[in-house]
Amino acid sequence: MIKVCIAGGTGWAGSELSKGVFNNPNMTLVGALSRKHKGENLGDVLNFGSANIPIFGDIETALKEIDFDVLVDYTKPTIAMKNIISCLKKGKNVVIGTSGLTDEDYSEIEKTADENNTSVLAVGNFAITVVLLQKFSEMAAKYIPNFEIIDYAHEDKIDAPSGTARELAYRLSKVQKPNQYVTEEELIGEKASRGANLNEVQVHSVRLPGHVISIETIFGLKDEKLSIRHDSGASAEPYVKGGLLAIEKVSTFKGLKRGLDSVMEF
Ligand SMILES: NC(=O)C1=CN([C@@H]2O[C@H](COP(=O)(O)OP(=O)(O)OC[C@H]3O[C@@H](n4cnc5c(N)ncnc54)[C@H](OP(=O)(O)O)[C@@H]3O)[C@@H](O)[C@H]2O)C=CC1
Ligand SMILES: O=C(O)C1=N[C@H](C(=O)O)C[C@H](O)C1
């Protein structure tokens, strides 16, 4: 039995995963983190019948009060680092769903995981169809050295670029750095209009009502274009299967792995 604590277990994504863990025969949901529901029972909050799953307001209290094997973080970038580092230092493995963490954050996470002989699986997007988009984009980037990323999201998403876009930029930059035809110094006009430069990949973030989450890799060659795009629906259900797989697999290695495909077979 894998004992799981979910930071953000009451949120949009976390509550779907909480239900998935609760119903999984190989896992026990032993606690959750939420400020608004601190001191309440997650079983009552999410209507799990008589289940008694304590909710804590902060990670220190959870680490003192309950024993768990894996922390899943589905909170906000502002609090995620504290949760992750505290857990790694206490020998807990961590699955990261929260977006907004930078490559520098991941360097610190990797160092802490290595120092404490623990493991971290960070997944920009748990949906299997997005894993496929990443794979297809990597295949295309091998042959087409000209690409940019567009990240679309709901108007109130606080982090930009999305975790999905950050992970994609990181991965594509490992395949090859795209050509830059006009350097930042040569550019006349608004530099920001070219988007953020992540590992030398241009990333453009759109935040608008009516949008959920979409991600698009666009490629260009002389007289031909290729777009690879994924659109999410309104519910957080597509992230559950991948989240459960990540919880299952995080203890099978040591250190940091990024991307769900790192624990899948292709
Ligand atoms: N990797 C992936 O596939 C996916 C990633 N995400 C990412 O997951 C994160 C969460 O998204 P979403 O579920 O929409 O967000 P919500 O705002 O719906 O949920 C956030 C959760 O975190 C808790 N939380 C926030 N701050 C704190 C804190 N300081 N201490 C304790 N708990 C806290 C909230 O509870 P309270 O406010 O009561 O504290 C709530 O339970 C985002 O970064 C999002 O981008 C989302 C979906 C899929
Ligand atoms: O709703 C969000 O916010 C989401 N964020 C993740 C990201 O930043 O990539 C992914 C998910 O699709 C939802």
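Start at ligand 1 and select helix α1, which gives the most to the shell around this ligand, with three residues. Keep in mind during the tour that the model is predicted.

**Ligand 1**

Now widen the selection to the whole shell: 27 residues surround ligand 1. The closest are G8, G11, W12, R35 and K36. Colour the shell around ligand 1 by class, and you will have ten nonpolar, 14 polar and three charged residues.

**Helices α1 and α8**

Stay with α1, residues 12–22, and add helix α8, residues 240–249. The two helices pack at an angle of about 60°, and their axes are 9 Å apart. That angle makes α1 oblique to α8. Turn the view until one helix lies in front of the other: α1 passes α8 in a right-handed crossing. To see what makes the contact, select E16, L17, G20 and V21 on α1, then V240, G243 and L244 on α8. By class, this contact of α1 with α8 has four nonpolar, two polar and one charged residues.

**The sheet of seven strands**

Hide the helices and show the strands. In which order do the strands of the open sheet of seven stand? Going across, the order is β3-β2-β1-β4-β5-β6-β12, and the pairing is parallel. The edges are β3 (55–56) and β12 (255–258); each has a single partner strand, so one side of each is left without a neighbour in the sheet.

Zoom in on the β3 edge. Here β2, residues 27–33, pairs with β3 in the parallel sense over two bridges. Select A32 and look across to β3, where I55 stands opposite. If you wonder what holds such pairs, strands of a sheet pair through backbone hydrogen bonds, either parallel or antiparallel.

Next, bring back helix α5, residues 103–115. This helix packs on the sheet and touches β6 (119–122) and β12. The direction of α5 makes about 140° with that of β12.

**Ligand 2**

Move to ligand 2 and select the residues that surround it: S99, G124, N125, K157, S162, G163, T164, I213 and S232. Which class supplies seven residues of the shell around ligand 2? Polar residues do, and the shell also has one nonpolar and one charged residue.

**Helices α6 and α7**

T164 of this shell is also one of the α7 residues in the contact with α6, which you can visit next. Select α6 (residues 128–143) and α7 (residues 163–175), which pack at an angle of about 30° with their axes 9 Å apart. The two helices are therefore roughly parallel to each other. Their crossing is right-handed. On the α6 side the contact is made by V130, Q134, S137, E138, A141 and K142. On the α7 side, pick T164, L168, R171, L172 and V175. Sorted by class, the contact of α6 with α7 has five nonpolar, three polar and three charged residues.

**Strands β7, β8 and β9**

For the last stop, select β7 (residues 147–153) and β9 (residues 201–207), which run parallel and are joined by five bridges. Start from I150 and find its bridge partner in β9, H204.

Then add β8, residues 196–198. How does β8 run relative to β9, parallel or antiparallel? The two run antiparallel, with three bridges joining them. One pair to mark is L198 with its bridge partner V201 in β9. The hairpin of β8 and β9 has two residues between the strands. End the tour at N199 in this hairpin, which takes a positive phi near 50°.

Definitions and conventions: Residues numbered from 1 in each chain as written. Chains lettered and ligands numbered in written order. Predicted model: local features only at pLDDT ≥ 70, side-chain atom pairs only at ≥ 80, totals over all residues. Pairing = 2+ DSSP bridges. Helix = DSSP H or I, 4+ residues; strand = E, 2+ residues; numbered from the N terminus. Contact = placed C-beta atoms within 7 Å. Axes fitted to C-alpha atoms, helices over the stretch in contact; angles between N-to-C directions. Parallel < 35°, antiparallel > 145°, perpendicular 65-115°, else oblique. Left-handed = near helix turned anticlockwise from the far one by under 90°. Nonpolar A, V, L, I, M, F, W, Y, C, P; charged D, E, K, R; others polar. Near = placed C-beta within 6 Å.
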